[in-house]
Amino acid sequence: MAERTDDILLHVRGLSKHFGGIKAVDEVTCAIKNRSIISMIGPNGAGKSTFINVVSGIYSPDAGKVYFQGEEITGVPAYEIAAKGIGRTFQLEELFGSLSVLENVMVGCHTGGRSDVLACGLSLPSARSEERRVRGEAMECLKEVGLEQRAHDPISRLPLGERKLVGVARALGMKPRLLMLDEPAGGRAAHEVEKLVRLIYTLRDQGITVFIVEHNMPFVMSLSERVIVLDEGRKIAEGTPDEVRTSEEVIKAYLGEEV
Amino acid sequence: MNGRPRQKLLWLILITVIVAIPFVAGSYVVGVMCFVAIFGGLALGMGLLLEQAGMFSLAHPTWFGLGGYVSGILAVRGIAPPWLGSIFGAVFVGIISYIIGAPLLRLKGYYLACATFGLLLIVEITMGQLGTLTGGNEGLMGIPPLSVGGLVLETDVHYYYLSWVLCLGCLWFLYNLMDSRMGRAIKSFNDSEVAARSMGINVPWYKLKVFILTAVMASMIGSVYTFYLRFTQPSIFGFPLLVELVTMIIIGGGKTLYGPLLGAFVVMWLREAIHLSLGGLLPRMSAQVDALFFGLIIIVILIFMPGGLSGWIDRFLYFGRQVFGRTDG
C-alpha cells in the first residue's frame with residue numbers, strides 16, 4: 001500500500017479521546033484520499049460523532065495527531081480549522097433558529113468575509129458590497145442542494161429532511177476541501193436519500209472530499225469508495241464496501257460473538 | 001430588500017416626531033423625553049447583550065457611570081474640554097471593559113450575572129471612597145456644560161437633541177450591525193455555539209467585541225448625562241438603575257432592537273403618570289409606589305406577553321401580513 005502522501009487530504013494517527021473512563025475514540029489511524037467518498041460506520045456509541053468532533057476541533061484529543069493537507073491541526077481551535085477548509089454538519093442539525101434559511105447559509109460564508117464591527121455598524125460601502133456578494137454565494141449553495149425557494153423561510157417551518165440539507169448548504173458556504181457529514185441520511189425517506197446520493201456525487205466531482213458517518217447501510221455501501229468500521233472507539237476494519245461486508249470482525253461487532 | 005422602504009418611512013416618521021417635539025410641546029415633555037433618549041439608549045445596548053448575544057451582563061450601569069466620571073473629572077480639573085473628555089471616557093471604558101471582559105466572559109448565564117453584578121457594586125463603592133478625585137458619596141460638583149467651539153449646550157432643548165442624536169445613532173448602528181456578517185455571527189453563537197465555532201467564528205473574541213462595543217456606547221451616553229445634570233454621584237449608576245434598565249428591557253422586549261427604547265418610553269411616562277395621579281395622595285412614598293407598580297407590570301408582562309411590547313407588536317404585524325397578504329416579499 002504505497003500511496004503518495006500528497007494525495008492524502010486528511011491523515012489521522014493514533015487519535016484518542018476519553019470521557020472519564022470511556023474511550024470514545026481509541027487510537028484510530030486512518031488516511032482519507034483527496035476527492036474520495038469515504039464512510040465511517042459502526043454500532044451506536046462506537047465513537048463516530050466524537051471522531052468528527054475531534055477532527056473539526058470541537059474537542060481536543062487526548063492523544064494522537066491530525067494532519068490536514070500535510071499541516072498538523074491537532075488542538076487547533078475549531079474556528080481556525082473551519083477556515084482551513086474542513087466543513088461539517090451535525091447529527092442534530094444545530095441550525096441557527098433565529099435566522100432564516102438563507103441567513104444560516106450566509107453564516108457558513110463567514111470565513112469568506114472580512115467586514116468588522118465598525119464597517120458593518122456604519123454600513124460602509126465595503127461592508128454592503130461584501131453583503132451582496134455573500135448573499136449571492138449563499139443563494140448558489142442553496143441552489144446546489146435544491147432549497148432556493150425556501151431561502152426566506154424561518155428554520156422552524158422546514159421539515160426534518162430539508163433541515164439536514166440546510167446544514168449541508170451551510171457547510172458548503174465555507175468552500176470546504178473536506179466535508180464531514182454526520183448522519184446525513186438519518187430519518188429520511190427513500191427518494192430523499194436518492195437525491196442526497198446524487199448531491200454527494202456532484203460535490204465529489206467538484207473536488208470536495210466527502211466523509212460520511214452513517215447508520216444507513218445500503219446508503220453507505222452504494223456510495224462509498226472506502227469504509228472504516230469503528231467499534232467501541234477502535235477501528236476494527238477498513239476497506240472497500242465488499243471487503244468490509246465480508247470481514248469477520250465487522251460481522252461480530254454487528255451480530256454478536258456467535259457468528 | 002425586504003421591507004426596506006417601509007423601514008425608511010418609519011425612521012423618517014420617528015425623526016420628524018423627535019425633531020418636532022420641542023416646537024410643539026412644553027419644557028416638561030422635552031425634559032421627560034430627554035430622559036427617554038438617555039436611558040432608552042442605555043437599555044438598547046444592554047438588551048442586545050442580554051437577549052440577542054446571550055450574555056447575561058449586569059455591568060451596564062457601571063460603564064455609564066465610569067464614562068460620566070472620567071469626562072466629568074477631566075472637565076472639572078480643566079485637563080480636557082467636555083467633548084474631548086467624553087471621547088477619553090469612551091476609550092477608557094473600552095480598555096477597562098476589555099481587561100475585565102476577557103476573563104469574565106468565559107463565564108456563562110447566572111455566573112456571568114453574579115460576576116458583573118459584583119463589578120457594579122465594587123465600582124460604585126470605589127467611586128464613593130475616592131474622595132479627593134471623585135468627590136466621594138456627595139458626588140462630583142462644578143462640572144461645566146458641554147461646549148463645542150463657541151457653542152455652549154446649556155438648555156434642556158440642547159441636551160434633548162444631543163441625547164436623541166446619540167440614542168438614534170446607537171439604534172441605527174445596532175440595526176446595521178445585526179443585519180450584517182457580524183450580527184449573524186452574534187445571533188448564531190447564541191443559537192448554537194458549537195455550530196458557530198465550526199463555521200469559523202471565534203466565539204470568545206466576538207463576545208468580547210460586542211461587550212466592548214455596548215460598554216463604549218453606554219460610556220458616551222453617561223458622559224452626556226453627566227454634562228446635562230452637571231453633576232454625578234455613585235448612586236446614579238448603582239442597583240436602582242440596573243433594576244430600571246431590566247424593567248425597560250422586559251416591558252419593551254429585548255428580542256427586537258427597538259424594544260428597550262420603547263420600554264424606556266413606557267417606563268418614563270408611566271412613572272410620570274403615577275406621580276401625577278398619586279403624588280398628592282402619597283407624597284412620601286414615591287419610590288415604594290414605583291416599585292409596587294413596576295413590579296406588578298413586570299409580572300403581568302412576563303405572564304401575558306413574554307416577548308414584551310415589541311414582541312407583541314411583531315406578532316401582530318406578522319399575523320396582519322398573513323391575513324392581508326404579503327406585498328413586500
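**Notes on the predicted model**

1. A good place to start is a crossover in chain A: β7(A), helix α7 (residues 190-205) and β8(A) together make a right-handed β-α-β unit. Keep in mind throughout that this is a predicted model. Helix α7(A) packs on the sheet that holds these strands, where it touches β3, β7 and β8 of chain A. Its direction makes about 145° with that of β8(A).

2. The sheet itself is open and has six strands, in the order β6-β7-β8-β3-β9-β10 (chain A), with mixed pairing. At its edges are β6 and β10 (234-239) of chain A, each of which pairs on one side only. From one strand to the next, the twist averages 20°.

3. Now for how the strands of that sheet are joined. Strand β7 (residues 178-182) of chain A runs parallel to β8(A), with five bridges between them; in that pairing Asp182(A) has Val213(A) as its bridge partner. On the other pairing listed for β8(A), strand β3 (residues 37-41) of chain A is also parallel and is joined to β8(A) by four bridges. There, Ser39(A) stands opposite Ile212(A). Out towards the edge strand, β6(A) and β7(A) pair in the parallel sense over three bridges, and Gly87(A) has Leu179(A) as its partner in β7(A).

4. How many residues of strand β8 (residues 209-213) of chain A are buried? Five of the five are, so the strand is largely enclosed by the rest of the structure. In a regular strand the side chains alternate between the two faces of the sheet. In β8(A), Thr209(A), Phe211(A) and Val213(A) lie on one side, with Val210(A) and Ile212(A) on the other, and both faces are covered.

5. Chain A has another open sheet, this one with four strands in the order β2-β1-β4-β5 and antiparallel pairing. β2 (22-33) and β5 (71-72) of chain A are the edge strands; each has a single partner strand, so one side of each is left without a neighbour in the sheet. Strand β4 (residues 63-68) of chain A pairs with β5(A) over two bridges, in the antiparallel sense, and Phe68(A) is matched with Glu71(A) in β5(A). Helix α1 (residues 48-55) of chain A lies across β1 (8-19), β2 and β4 of that chain, running at about 65° to β2(A).

6. For helix-on-helix packing, look at α3 (residues 101-108) and α5 (residues 125-145) of chain A. These two pack at an angle of about 110°, with their axes 9 Å apart. That makes α3(A) roughly perpendicular to α5(A). From α3(A), the residues involved are Val101(A), Leu102(A), Val105(A) and Met106(A). They meet Val134(A), Arg135(A), Ala138(A), Met139(A), Cys141(A) and Leu142(A) in α5(A).

7. The largest nonpolar core has 161 residues, and Ala169(A) and Ala43(B) touch the most other members. Helix α10 (residues 203-229) of chain B supplies the largest share of this core, 15 residues. Leaving aside neighbours within four places in sequence, Ala43(B) is in contact with Leu245(B), Met248(B), Ile249(B), Pro260(B), Leu261(B), Gly263(B) and Ala264(B).

8. Two backbone angles deserve a look. Most residues other than glycine have a negative phi. Glu94(A), which is not a glycine, has a positive phi of about 55°. It sits in the loop between β6 (86-88) and α3 of chain A. Is Glu94(A) buried or exposed? With 21 C-beta neighbours inside 10 Å, Glu94(A) counts as buried. Over in chain B, Arg230(B) also has a positive phi, near 55°, and its place is the loop between α10 and α11 (239-252). Arg230(B) is partly exposed, with 16 other C-beta atoms within 10 Å.

9. Finally, two residues to find by eye. Ala189(A) lies in the loop between β7 and α7 of chain A and is exposed, with 9 other C-beta atoms within 10 Å. The C-alpha atoms of Ala189(A) and Gly161(A) are separated by 8.2 Å, with the two residues 28 apart along the chain. Leu14(B) lies in helix α1 (residues 4-24) of chain B and counts as partly exposed, with 15 C-beta neighbours inside 10 Å. Leu14(B) and Ala80(B) are 66 residues apart in sequence and 35 Å apart in space, C-alpha to C-alpha.

How values were computed
Residues numbered from 1 in each chain as written. Chains lettered and ligands numbered in written order. Predicted model: local features only at pLDDT ≥ 70, side-chain atom pairs only at ≥ 80, totals over all residues. Core = buried A, V, L, I, M, F, W, Y, C linked by C-beta atoms within 7 Å. Buried ≥ 20, exposed ≤ 12 C-beta atoms within 10 Å, placed from the backbone. Contact = placed C-beta atoms within 7 Å. Pairing = 2+ DSSP bridges. Right-handed = clockwise from strand over helix to strand, strands pointing away. Axes fitted to C-alpha atoms, helices over the stretch in contact; angles between N-to-C directions. Parallel < 35°, antiparallel > 145°, perpendicular 65-115°, else oblique.
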